[in-house]
Amino acid sequence: MKKDNFTVTPWDVKGDIDYDKMIKKFGLTPLTNLPEVFMKNLLFRRNKIFAHRDFERITQAYLNKKPFVMMTGLMPSGNFHIGHMILAKQMIFYQGLGAKIYIAVADIEAYNARGQSLEEGRKIAIEEYITNYIALGLKPKNCEIYFQSNRSQNPAKANAYYRLQNLLARHATFNEFKAVYGEISPGKMVSSLLQASDMLHAQLPEFEGRAVPVVVPVGIDQDPHLRLARDISKRFKSYKFVQLSSTYHLFVPGLSGGKMSSSDPSSYIALTDDPKTVKKKVNKYAFSGGQPTLEEHRHLGGNPDIDVSYQWLTFLEEDDEKLKTIYEDYKSGKMLSGELKAILIEKLNNFLQEHQKKRQSAKARLDEFISIKEPYN
Ligand code: TRP
């Protein structure tokens with residue numbers, strides 16, 4: 001068999017990802033035939049969310065007006081950037097559909113797997129992630145944001161969450177742990193089990209009161225975490241969980257192609273970047289599908305499928321017609337790379353200008369979502 005020229009694991013993503021191959025390799029199902037409301041969301045409409053496991057449970061719950069949960073976790077590292085918006089938009093979308101939203105701040109995982117202090121994790125989670133979620137439209141109603149290190153002030157709830165983490169241990173194997181982080185250390189094992197409890201605990205009597213469908217939307221690199229949680233929950237007999245559902249979304253490419261990474265500011269636009277920085281980054285770093293000279297470009301046309309500015313617009317431009325015109329004009333050579341970049345810069349800066357105002361008011365509303373009192377004393 002031909003060797004893949006890409007790598008996708010929870011600890012490493014590189015190369016040209018062949019998503020069809022990933023679907024086969026991981027045993028996922030392509031996402032098709034969704035109810036109409038999903039098509040209003042560009043991530044579903046444009047196949048940015050492209051595969052799933054057991055998602056029918058979620059569409060059925062939605063159609064039958066039955067309760068369901070959307071659960072996700074955030075790794076509090078670096079600046080909140082355009083790539084992080086994919087997940088934030090899904091939270092807000094599911095909340096709009098009536099789902100209960102659970103968001104775990106993975107501060108224990110950051111501590112164990114990355115050597116980050118709880119204080120630092122907390123600060124980044126609040127200032128970067130949670131503030132942006134609120135500014136993007138997350139509502140406090142039907143939304144629980146918690147820290148892995150501090151699940152709840154209610155002892156019955158806190159006990160149930162950490163109890164589940166501990167009981168799941170018996171049902172996991174060494175190799176399953178290895179698949180999640182590539183290597184095993186006690187801290188990483190503990191973090192995998194805690195993440196499994198993140199995904200499953202909403203169904204306990206202490207939380208939603210009964211077993212309910214839960215969807216965990218992730219980038220495909222996080223699938224080993226899901227497989228672990230799904231497999232051990234099946235082996236766990238003392239409580240009957242509804243099997244977890246999951247969806248898989250594409251990565252927004254980094255500006256120069258490759259992965260967008262919090263540790264490389266030239267690969268992303270942060271939601272706090274100012275207009276000048278946005279212009280500079282896009283003009284300097286955005287990989288272009290254009291031809292080397294003006295004559296060649298007019299003659300041969302550009303390649304929107306590899307052009308990062310165009311790819312970003314497919315995540316940001318809501319208007320399908322507008323996007324199609326850009327695609328055709330660029331491909332035919334009528335639109336130049338500089339013009340395409342200018343469209344992206346304007347789109348980003350218009351969005352960011354509004355968003356940054358909303359961020360200011362979001363800061364004042366943090367206490368509607370989390371207890372902002374210092375928890376470590
Ligand atoms: N491991 C995830 C990451 O690296 C964070 C995470 C923790 C998570 N708990 C979760 C993700 C539960 C989804 C569901 O980003």
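This section describes the ligand site and the aromatic pairs of a predicted model.

The ligand sits in the largest pocket. The shell around the ligand comprises 13 residues, of which Gly-73, Glu-109, Gln-195, Asp-198 and Gln-222 come nearest. By class, five residues of this shell are nonpolar, six are polar and two are charged. Two secondary-structure elements, β5 (69-74) and α10 (186-200), each contribute at least two residues to the shell.

Polar contacts to nitrogen atoms of the ligand were found for several side chains. In the case of Glu-109, a polar side-chain atom is placed 2.9 Å from a nitrogen atom of the ligand. For Gln-195, the distance between a polar side-chain atom and a nitrogen atom of the ligand is 2.8 Å. The side chain of Asp-198 likewise places an N or O atom 2.8 Å from a ligand nitrogen atom. Of the 370 Å² of accessible area that the ligand has on its own, 90% is covered by the protein.

Aromatic side chains were examined next. The count of aromatic pairs in the model comes to 15. One of these is formed by Phe-38 and Phe-93, whose ring centres are 5.5 Å apart and whose planes meet at 65 degrees. The arrangement of this pair is classed as edge-to-face because the angle between the planes is over 60 degrees. Phe-38 belongs to helix α2 (residues 36-39), whereas Phe-93 belongs to helix α5 (residues 85-96). With their positions 55 residues apart in the numbering, the two phenylalanines link distant parts of the chain.

Conventions. Residues are numbered from 1 along each chain as its sequence is written. This is a predicted model: local features need pLDDT of at least 70, side-chain atom pairs count only at pLDDT 80 or more; totals for chains, interfaces and linings use all residues. Side-chain values use heavy atoms; hydrogens and water are left out. A residue is near a molecule or strand if one of its heavy atoms lies within 4 Å of it. A polar contact is a pair of N or O atoms within 3.5 Å; within protein, one must be able to donate a hydrogen and the other to accept it, and residues adjacent in sequence count only if both atoms are side-chain atoms. Accessible areas come from the Shrake-Rupley method with a 1.4 Å probe; for residues, only the protein chains shown count as cover. On a 1 Å grid over the protein atoms alone, a cavity is a set of points where a 1.4 Å probe fits but cannot get out, and a pocket is an open set with protein on both sides within 12 Å along at least five of seven lines; lining residues have an atom within 4 Å of a point. A molecule sits in a cavity or pocket if more than half of its atoms lie within 2 Å of its grid points. Helices (H or I, at least four residues) and strands (E, at least two) are DSSP runs, numbered from the N terminus. Ala, Val, Leu, Ile, Met, Phe, Trp, Tyr, Cys and Pro count as nonpolar, Asp, Glu, Lys and Arg as charged, and the others, Gly among them, as polar. Rings of Phe, Tyr and Trp (its six-membered ring) pair if their centres lie within 6.5 Å; planes under 30 degrees apart count as stacked, over 60 as edge-to-face and the rest as tilted.
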